[in-house]
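I opened this complex to take notes on its confidence, its chain contact and a few packing details. The entries follow the order in which I looked things up.

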Amino acid sequence: MSISLLHTPDGVRDIYGRELLEKEQVGKNLMTVLRRYGYKNIQTPTFEFFDVFSKDIGTVPSKDLYKFFDKEGNTLVLKPDFTPAIARCAAKYFMEEEVPLRFCYEGNSFVNTSELQGKLKETTQMGIELINDSGPEADAEALSLVIEGLKACGLKDFQISVGNSSYFKGICEAANLDEETQLEIKAHISSKNYFGTREFLKNKGLDKDIVAQFEAISKLYISDTDMEEMMKKANNPKSVGAVERLLAIKALLAKRGYDKYISFDLGMLSKHNYYTGIIFKAYTYGVGDAIVKGGRYDGLLGKFGKEAPSVGCVFLIDELQTALKRQNISVDVDTEENILMVYAEEAYENALEQANDLRSQGKNVTMMKKNTEKDADYYTSYGEKNEMKEIIFVK
Amino acid sequence: MEENGKYLVFALCKGRLAFKTLELLEKIGIHCEEIKDKDSRKLVFVNEELKVKFFLAKGPDVPTYVEHGAADIGVVGSDIIMEENRRVYEVLDLGFGKCRMCVCGPESARELLQHRERIRVATKYPTIAKDYFFNVKNQTVDMIKLNGSVELGPIVGLSDVIVDIVETGGTLRENGLDVLEEICPLSARVIVNQVSMKMQNERIEQIINALRESIE
């Protein structure tokens, strides 16, 4: 036995006890909400062929994927992102299906991020994909789910930033920008680097109107009046459509009083290139990153041979749990049925009978032989520490 | 939103940059007397009235604190932002602390930069240097990471050239080195945590706009 065997690699961790119970409970609370909207579970493999997550698909960059080979020499990848996997799966089994498909999933994803940043490489995710639905109602449904899901977890203070990637694309197309320039502008805008954007555009010698439109997106906060202003300024149909879409979604959410959780951010541009329409991220206090991410990906299923407009989102369970903990929001874990039964050695048969009786009544019974050198307090404190509702001593 | 009970936390770079930043913040009405006391051994300085906290950190750590949300706002040189490559919003150029990131070396090394030769580059900024040589110049180079007095590299024969910050060029000239190529201009920047930007938007935007007005 060597003590160095006890370590786990950077970016993965053991979870047990109360923490795991709470994590599972958070998952259950979310799943209940997803079920209410008619989402059906789907399970895809933990690893798939590299091509499902390649650059062409537009997910996590290739250098951040865990890759290995099968016996025939194919490159395999540990799933970094559920959406392409479910898109592939949906295209395969529901190729001819035209009605909207609602899938939900839960599982772990693996991204080989850089070392020493205190970030997890294996994260638990739960999410939905709504396939075959192009309407603003679908977008609003995804957002409503996020709001209700977060509320079901006990979160009160949160904000969802909503952007629309086709606004940016519209301007780029109207200005005829090449891909490299687009990427450069995207980098500046998504880091809210207003002066960087301005400097870069100035050096490019672009049309004044275009520069003004890009500058408008890098604004920090966008009100409804700003949105209307931007719609007027945008002189291409794609960008105008993008703003109209956002306003339509907000109007739908307002009917349920959910619009207060939403703020617009047209400068939010995801690194995932498959997003074609709205993009959103939910934030709360206590964690440095989003707790929910999502968006519309109308072209993704097409890569797998099925043209199907879709929208989806993912709850990042680990981040969400950290946020709940830091905000002192308790997660109610069901321990009602837990019983610790401590028996004297000679009373084993009697105890076993009682335990089996209780088990058949639906109780969870942990049996423990009493160590004659320990007193009852020892077992009481053990029971309290281990989520036991009741302790029975059998003599 | 419950913004009232929450402190806004600033992470500042230890040294000259911190004093200039504090001066600027004072101009827009955010002050902290505690931090000026040079004998103080405190690590975190608080202004209860304004609900702001300040702490001083080593430069390269400032983006780390901000990325993780341990600080909401940071002020740091753009060299560090580029080198650390953290996910933060870079919202304002404060315009001071101006200098340049350059490739420097003896005049004789100029030739080595012309023909995609494999050369040795010593630097405190391997990420910036690598990005410049690999992606801008398409030159494959061997990177040697040093932690200070980088100018020594070419002088003692450790490397052919160096990549470093140049302010006046005085140290370089005294040691027989020159600026061979300029990589980019640098200055002090305000960075903001991405979540804070959403959750405490009003407060942060107010500060940034006030700062912007006071420097323009």
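The notes below go from the scores to the contact between chains, then to one helix pair and one sheet.

**Confidence.** I am working with a predicted model. I noted an ipTM of 0.76 and a pTM of 0.86 for the complex, as given by the predictor. For chain B I read an average pLDDT of 90, with 98% of the residues scoring at least 70.

**Domains of chain A.** I looked up the domain assignment, which splits chain A into domain 1 (3–326) and domain 2 (338–394). I find the C-alpha centres of these two domains of chain A 48 Å apart.

**Contact of A with B.** How many residues does each chain bring to the contact? I get 18 from chain A and 16 from chain B. On the chain A side, β7 (158–164), α6 (194–204) and β9 (278–284) are the elements that give two or more residues. The most come from α6(A), with three residues. By class I list seven nonpolar, eight polar and three charged residues on this side of chain A.

**Helix pair in chain A.** I then checked α1 (residues 17–36) against α10 (residues 317–326) of chain A: their axes come within 10 Å and cross at roughly 110°. Angles of 65 to 115 degrees count as roughly perpendicular, and α1(A) and α10(A) are therefore entered as roughly perpendicular to each other. From α1(A), the residues A:Glu22, A:Lys23, A:Val26 and A:Gly27 meet A:Ile317, A:Leu320 and A:Gln321 of α10(A). I class this contact as three nonpolar, two polar and two charged residues.

**Hairpin in chain B.** Strands β2 (residues 44–47) and β3 (residues 52–57) of chain B pair in the antiparallel sense over four bridges. I followed B:Val46 to its bridge partner in β3(B), B:Lys53. The two strands form a hairpin with four residues between them, and in the turn I noted a positive phi of about 60° at B:Lys51.

**Sheet in chain B.** I traced an open sheet of five strands with mixed pairing, in the order β8-β7-β9-β6-β10. Why do β8 (141–145) and β10 (178–186) of chain B each have one side without a neighbour in the sheet? They stand at the edges with a single partner strand each, so one side of each stays free of a neighbour. Neighbouring strands of the sheet are turned by 25° against each other on average, direction ignored. I found β7 (residues 119–123) of chain B paired with β8(B) in the parallel sense over five bridges, and B:Ala122 opposite B:Ile144 in β8(B). Helix α4 (residues 126–136) of chain B packs on the sheet, touching β6 (99–105), β7, β8, β9 (161–166) and β10 of chain B. I recorded about 170° between the directions of α4(B) and β8(B).

Key
Residues numbered from 1 in each chain as written. Chains lettered and ligands numbered in written order. Predicted model: local features only at pLDDT ≥ 70, side-chain atom pairs only at ≥ 80, totals over all residues. Domains from an automatic or database assignment. Contact = placed C-beta atoms within 7 Å. Nonpolar A, V, L, I, M, F, W, Y, C, P; charged D, E, K, R; others polar. Pairing = 2+ DSSP bridges. pLDDT = per-residue confidence, 0-100. Axes fitted to C-alpha atoms, helices over the stretch in contact; angles between N-to-C directions. Parallel < 35°, antiparallel > 145°, perpendicular 65-115°, else oblique.
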